[in-house]
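Please take a moment to turn the model on your screen and follow its strands, helices and charged side chains as the paragraphs below take them up in turn.

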Amino acid sequence: MATGRTHRPATRSRGIPEATVARLPLYLRALTALSERSVPTVSSEELAAAAGVNSAKLRKDFSYLGSYGTRGVGYDVEYLVYQISRELGLTQDWPVVIVGIGNLGAALANYGGFASRGFRVAALIDADPALTGRAVAGIPVQHTDDLEKIIQENGVSIGVIATPAGAAQQVCERLVAAGVTSILNFAPTVLSVPDGVDVRKVDLSIELQILAFHEQRKAGEEAATPDGGVPAAARKQSADKGPDGDVPAVMPA
């Protein structure tokens, strides 16, 4: 079985923009749902709506894959699932290590979506000796002293960091030195990595803060529109219009 150490996705060599790469998993999720419902074809408009993008952007993204669909028919769902999975490197096995088996790390270890998407949790690693040997999601936790050995024995190129912020950079450096070239960082800190190493940061607190911003803005808009939800500026504009709706009732002097 192929591993992540010997096979890498073809997206960079084919010149696919990073923004397009970031949308491919959205398309794949929508297509997988259609496939599970035995839907044979889908139009660009339907798939774009399901993925949360506009259809023109979707067609442009798919053009990088060499997939243009058939006029009047749309896209073949099963073929697109295979095509996008292959482009993302999901048609092969990617062993992953998770470092930091606290509440978040344990939750990630128990997430069933990894295996179905081509990712195999090869090892769970933690610095706490009390956790060593304890099974989480059926996988025994190993100590960080053996991190390098674990990575080499399992051919790991993708690491997940779920440690406290203070330990994340040191763990990152050890992962990189051992051969890991892609890192998913859940620790609330920015990691410094050398060229050739990709880092994706997931910060739940930042996402919540962004949602709080939108909630505050919506609350402010509602407070500013007491008359049936019509903004004050719109009410004034309406009042200034004549009986035909577009000519002022009173012309300025």
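How many bridges join β4 to strand β6, and do the two run parallel or antiparallel? In this predicted model, β4 is joined to β6 (residues 139-143) by three bridges, and the two strands run parallel. Two residue pairs let you find this contact by eye: Leu124 has Val141 of β6 as its bridge partner, and Ile125 stands opposite Gln142, which also belongs to β6. When you look along these strands, it helps to remember that in a regular strand the side chains alternate between the two faces of the sheet.

From here the view can be widened to the sheet that holds both strands. It is an open sheet of seven strands, arranged in the order β5-β6-β4-β3-β7-β8-β9, and its pairing is mixed. The edges are formed by β5 (135-136) and β9 (198-201), each of which pairs on one side only. At the β5 edge, the pairing with β6 is antiparallel and extends over two bridges, and within it Ala135 stands opposite Pro140 of β6. These two strands form a hairpin with two residues between them, and in the turn Ala137 has a positive phi of about 55°.

Strand β4 also leads to the charged side chains. Side chains of opposite charge can pair when their charged atoms come close. A search of the whole structure finds six salt bridges, and three of them are described here, beginning with the one that involves β4. Asp93 forms a salt bridge with Arg120, with 3.1 Å between the closest N and O atoms. This pair links distant parts of the chain, since Asp93 sits in the loop between α4 (77-88) and β3 (94-99) whereas Arg120 is in strand β4 (residues 119-126), 27 residues apart. The two partners can also be described by their accessibility: Asp93 counts as buried because its relative accessibility is 10%, under the 20% limit for a buried residue, while Arg120, with a relative accessible area of 35%, is partly exposed.

A second salt bridge brings together Arg174 and Glu148, whose closest N and O atoms are 2.9 Å apart. Because Arg174 lies in helix α8 (residues 165-178) and Glu148 in helix α7 (residues 147-154), the pair ties together parts that are 26 residues apart in sequence. Here both partners count as partly exposed, Arg174 at 24% relative accessibility and Glu148 at 27%.

The third salt bridge joins residues within one helix. The side chains of Glu215 and Lys218 meet with an N to O distance of 2.8 Å, and because these residues are three residues apart in helix α9 (residues 204-223), they are separated by about one helical turn. Glu215 is partly exposed, with a relative accessible area of 48%, and Lys218 likewise counts as partly exposed, at 41%.

Where, then, do the nonpolar side chains gather, and which elements give two or more residues to the largest nonpolar core? That core has 23 residues, and those with the most contacts inside it are Tyr27, Leu31, Val42, Leu47, Leu58, Phe62 and Ile84. The elements that give two or more residues to it are α1 (18-36), α2 (44-51), α3 (55-64) and α4, with α1 providing the largest share, seven residues. Helix α2 is also the place of Ala49, which counts as exposed because its relative accessibility is 59%, over the 50% limit. The C-alpha atoms of Ala49 and Ala30 are 9.3 Å apart in space, although the two residues are 19 apart in sequence.

A residue in a loop offers a contrast in accessibility. Leu191 is found in the loop between β8 (182-185) and β9, and with a relative accessible area of 12% it is buried. Its C-alpha lies 9.4 Å from that of Gln170, a residue 21 positions away in sequence.

The last stop is open space rather than packed side chains. Rolling a probe the size of a water molecule over the atoms shows where empty space is left. The second largest pocket has a volume of about 210 Å³, and its lining includes Ser43, Ser44, Glu45, Arg59 and Arg71, together with Tyr68, Val73 and Tyr75 among others. Sorted by class, the lining has three nonpolar, six polar and three charged residues.

Key
Residues are numbered from 1 along each chain as its sequence is written. This is a predicted model: local features need pLDDT of at least 70, side-chain atom pairs count only at pLDDT 80 or more; totals for chains, interfaces and linings use all residues. Side-chain values use heavy atoms; hydrogens and water are left out. On a 1 Å grid over the protein atoms alone, a cavity is a set of points where a 1.4 Å probe fits but cannot get out, and a pocket is an open set with protein on both sides within 12 Å along at least five of seven lines; lining residues have an atom within 4 Å of a point. Grid points are joined across faces, edges and corners, and a volume is the space filled by probe spheres set on the points. Ala, Val, Leu, Ile, Met, Phe, Trp, Tyr, Cys and Pro count as nonpolar, Asp, Glu, Lys and Arg as charged, and the others, Gly among them, as polar. A salt bridge is a side-chain nitrogen of Lys or Arg within 4 Å of a carboxyl oxygen of Asp or Glu. Helices (H or I, at least four residues) and strands (E, at least two) are DSSP runs, numbered from the N terminus. Buried means under 20% relative accessible area, exposed over 50%, partly exposed in between (1.4 Å probe, protein chains only). Two strands pair if DSSP finds at least two bridges between them. A nonpolar core is a set of buried Ala, Val, Leu, Ile, Met, Phe, Trp, Tyr and Cys residues joined through side-chain atoms within 4.5 Å.
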